[in-house]
Amino acid sequence: MTGFDRHSVPLLRDLPDVRGYFGAYGGRFVPETLMAPLVELEAAFRKFRRDLTFRRELNGFLKNFAGRPTPLLFAENLTKRLGGPRVYLKREDLCHTGAHKVNNTLGQCLLAKRLGKKRVIAETGAGQHGVGTATACALLSLSCEVYMGAEDMERQALNVFRMRSMGAKVIPVTSGSRTLKDAINEAMRDWVTNVQTTFYCIGSVVGPHPYPWMVREFQSVIGREVKHQIRDYQTGDPDALVACVGGGSNAIGLFAPFYDHKRVKFFGVEAGGEGLRSGRHSATLCTGRPGVLHGAYTYLMQDDNGQVLGTHSISAGLDYPAVGPEHAFYKDSGRATYVAATDKEALAGFKLLNETEGLSAALESSHALGSLPRLVRPMKNSQSVVLCLSGRGDKDMGQLTGILHLGSSDPKNT
Amino acid sequence: MVNRIDQVFIELKSQGRKALMAYVTGGYPSLPAMDRAVREIVKAGVDLVEIGVPFSDPIADGPTIQFSSQKALEGGITPARLFDWVKTFRRTHETPVVLMTYMNPIQTMGLASFARRARTAGVDGVIVPDLIIEEGGPLEKALGPAGIHLIYLVAPTTPPPRRTEIARRSRGFLYAVSLTGVTGVRRALPKGLGTFIADVRRRSPVPVAVGFGISDAAQARQAAAQADGVIVGSAFIHRMKNREPLVPFVRSLRRALDGA
Ligand SMILES: Cc1ncc(COP(=O)(O)O)c(C=O)c1O
């Protein structure tokens, strides 16, 4: 795999390069059938991201439909509880549909509309991207079909109902591990088959070029807003940014606008499942090796023969054996640090935020919260950290009532 | 040494015949059963065998080959065991063997190591359905000196100038994907297939073989009309799954092609 001179540190505007590479990672590993639509998509995105009418329309939807800008909250009680740097929460949980995913789906579905595609397909893990896509499609009068692992349909039943109520068709995926990875496989097979009529709306910074770049650009609204909003509280940049990483879109959306501000540290939190040594986790960057999956060269959880491994996480949205290629590059170049939070730590993070701030985070975002006590420990009280609260926990309440026995006198569940 | 794929196409051309290529999933339903199947179909008239090296996430494959790949993996098949199989097959056969696998198993083994082991085993070509020409340079560099052909795929969605470029880069033959879709048997071949194949063949310095969705003798004849050969995959796997005999099927394909 090629890249640029490894001694020169690239600027964000050079990422990815013209071939869709972030350093050694990314590219296009797809059936030839998809090459023409990928080239078409790339050209359309290049054109419309500079197009004033397109941008005005997208910004209008982000503001009046999705509810942007989302607030940046100084979490005073949480800060006190942790006894370290000031903690700010970027409130993506307040986005319409309950997660950051809608920033991307509005962008991509508008693009689908411009390309004259009437049918949109998507994959979903937690169901948030599926709901985001179904919502954007309803808004823009597009037909919508969502692939979802059969196991995920069970644990995120509420979101299945939400998608269906917006007129989307939810297609259960029963192949392989019956989770997000297999849903992406099925969506890609559908796209290969129906490429003339269909737009594939990918839910994270994964897949073949231009997706990782395009999704980053649509999600960068998160970090751009933080850049301005932090000025209400302090003069300089925050010292650290923290976000959970499944495919990595909320994390990249927060990080990328600060990429060239080298003093801002990035921390990505992966799903540590039952612990990294248990083998039952989805901590791709912490434990994986580079390989090719879903159209990109990136870190993967795989065995010695290159077979992709099954993953586990309490949160469906992080249960994925690969990761966006830009994160792979951030890891190798040292720009970001990746850690893992176990299922237990995520649950502790969920409780911590509920108790200190009265906010119920999604299980995905709860991983970032679960790692926060460890991440802030070496920091000074005069410093500050922004955590991306990527989604709200409503979708997880069914699952959580079965796990957390609140109100009982048994404290061991924390 | 001349590559066996080139040799077969030269021979067939001199006889005015079309190539019949069969795909089987490596290690399905088991390695010994696959071995028997391959020997049987070669004897019955298959000119070139494609052995699928199973991958956990075959995005270019339909349900039939997904199923056989998963079964083979559950049975413990590995690239190493398939290299060993090719080596054994080579003791008795000069039939060209082409490995069909996805990029990740190759990447994981390392391109150079993959090329070396393939060469030692007696592999003649490699097809990688998720490798496009823009990304193929490194694998071409690894396989070329080992005398192994990297066979590229061209699709109906490929714009004409790009078809020329792919044909120029492909070695051994050019794999023309008959339809926009994944592998698997279809009731009918797509309309406009003849025009597409004729166009590709005009542009290609190497022979053109048509694959994806070819299910029976009539379709094989139709697909071969403008091409140098056909590739039949899922229809074989389907029969293996149902324990139906393969030889009569090969004979019917052979008759259809030789009469074409
Ligand atoms: C609330 C929330 N956060 C995070 C994620 C993980 O995705 P990503 O890493 O792309 O932000 C998901 C995915 O479903 C999600 O629903």
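This passage walks through the overall build of chain B and its contact with chain A. The structure is a predicted model, so everything below describes computed coordinates.

Taking chain B by itself to begin with, the fold is put together from 12 helices and 9 strands. Its radius of gyration is 17 Å, close to the 18 Å that the globule rule gives for 260 residues, so chain B is as compact as a globular protein of that length. Along the principal axes, the C-alpha atoms take up a box of roughly 40 × 40 × 35 Å.

What about the inside of the chain? Of the 260 residues in chain B, 65% count as buried. As for who touches whom, take the contacts in chain B with a separation of 6 or more: 72% of them link residues that sit 24 or more positions apart.

Turning to the outside, chain B shows an accessible surface of about 10,000 Å², and carbon and sulfur atoms make up 53% of that. Chain B also carries 34 positive and 22 negative charges, and the mean positions of these two sets lie 3 Å apart.

Then there is the partner. The size of an interface is often given as the accessible area lost when the parts come together. For chain B and chain A, that buried area is about 2,800 Å², with 52% of it on carbon and sulfur atoms. On the chain B side, B:Asp57, B:Ile59 and B:Glu135 stand out, supplying 22% of the area that chain B buries against chain A, more than any other three residues. Counted by residues, the contact draws 35 from chain B and 37 from chain A.

How values were computed
Residues numbered from 1 in each chain as written. Chains lettered and ligands numbered in written order. Predicted model: local features only at pLDDT ≥ 70, side-chain atom pairs only at ≥ 80, totals over all residues. Heavy atoms only, no water. Helix = DSSP H or I, 4+ residues; strand = E, 2+ residues; numbered from the N terminus. Rg over C-alpha atoms; globule rule 2.2 N^0.38 Å. Buried < 20%, exposed > 50% of the residue type's maximum accessible area, 1.4 Å probe, protein only. Contact = heavy atoms within 4.5 Å. Areas by Shrake-Rupley, 256 points an atom, 1.4 Å probe, with all protein chains shown as cover. Lys, Arg positive; Asp, Glu negative; His and termini not counted. Charge placed at Lys NZ, Arg CZ, Asp CG, Glu CD. Buried area = accessible area lost by both parts, 1.4 Å probe.
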